[in-house]
Amino acid sequence: MQLRISTIAFSLLLLCISTWAIAENSTRANGYTIHHNAIPTALLSPDVASSYRIVRSKYRGLLNISVIKDVPNTTGQPVTAKVSAYALNLIGRRHVIDLQEIHEGDAIYYIGDFPIVDGETLTFFLEVTPAGSTNPISATLSQDFYID
């Protein structure tokens, strides 16, 4: 079971990085780095989508967030956090994104899906409060979505 979960996490990470590296963003503040990206769920493999109960569709997007505590001379330490997110389109329609916390080995991340339409630009607004911190970190990400 551990190998399957690690394989799924690795597949999701590779997919997000290799296919949509241009859409990946990070925000650094208060000794933490918040990594955030958004992709269409149609890009997920059927196994990955099934494992996370995500509907694969060209009309759905996936927001992926991880919180890393900055640790000198390392790539950092994943930490849990209170994370909330919503997206706004260009005409101001708001989508609250329900996030689920995922733990796989040492990795901790937050994912949630949302509707998309062709040619839509969404701006995501995140509020992240790492465990043990009282200072929330605000982050934004803007992403264009095109449906083939």
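This report walks through the fold, the nonpolar cores, the aromatic cluster and the surroundings of one histidine in a predicted model.

## Overall layout

Let's start with the big picture. The protein has two helices and ten strands, and going along the sequence they come in the order α-β-β-α-β-β-β-β-β-β-β-β. So one helix opens the pattern, two strands follow, and after the other helix it's strands to the end, given how helices and strands are assigned here.

Of the 148 residues, 42% count as buried. The surface comes to about 8,200 Å² exposed, with carbon and sulfur atoms supplying 54% of that. As for contacts, take those with a separation of 6 or more: 59% of them join residues 24 or more positions apart.

## The nonpolar cores

The largest nonpolar core has 24 residues, and the members touching the most others are L63, V67, F114 and F124. Several strands chip in with at least two residues each: β2 (32-40), β3 (60-69), β5 (81-88), β8 (107-115), β9 (120-130) and β10 (137-145). There's also a second, separate core of ten residues, and A49, I54, L62 and Y109 are among its members.

L63 is a good place to look around. Setting aside neighbours within four places in sequence, L63 is in contact with N37, A38, A85, I97, L99, Y110, I111, G112, F114, F124, L126 and L141. Two names on that list, F114 and F124, turn up again in the next section.

## Three phenylalanines together

Searching the whole structure gives three aromatic pairs. In one of them, F114 and F124 sit edge-to-face, 5.1 Å centre to centre with 65° between the planes. This pair links distant parts of the chain, with F114 in strand β8 and F124 in strand β9, ten residues apart. Why do F114 and F124 both count as buried? Buried means under 20% relative accessible area, and F114 comes in at 1%, while F124 is at 0%.

F114 has another edge-to-face partner in F145, at 5.9 Å centre to centre and 70° between the planes. Here too the pair links distant parts of the chain: F114 in strand β8 and F145 in strand β10 are 31 residues apart. F145 is buried as well, because its relative accessible area is 1%. Put F114, F124 and F145 together and you have one aromatic cluster.

## Around H95 and Y86

Now for strand β6 (residues 94-97), where H95 has its place. Is H95 buried or exposed? With a relative accessible area of 12%, H95 falls under the 20% cut-off and so counts as buried.

Which residues does H95 touch, not counting those up to four places away in sequence? They are Y86, A87, P115 and L122. The H95 side chain also makes a polar contact with the side chain of R93, at 3.3 Å.

Y86, one of the residues H95 touches, has a further partner. R94 lies over the face of the Y86 ring, 3.7 Å from the ring centre.

Conventions
Residues numbered from 1 in each chain as written. Predicted model: local features only at pLDDT ≥ 70, side-chain atom pairs only at ≥ 80, totals over all residues. Heavy atoms only, no water. Core = buried A, V, L, I, M, F, W, Y, C linked by side-chain atoms within 4.5 Å. Buried < 20%, exposed > 50% of the residue type's maximum accessible area, 1.4 Å probe, protein only. Helix = DSSP H or I, 4+ residues; strand = E, 2+ residues; numbered from the N terminus. Contact = heavy atoms within 4.5 Å. Areas by Shrake-Rupley, 256 points an atom, 1.4 Å probe, with all protein chains shown as cover. Polar contact = N/O pair within 3.5 Å; in protein donor to acceptor, adjacent residues only side chain to side chain. Phe/Tyr/Trp six-rings, centres within 6.5 Å; stacked < 30°, edge-to-face > 60°. Lys NZ or Arg CZ within 6 Å of the ring centre and 35° of its normal.
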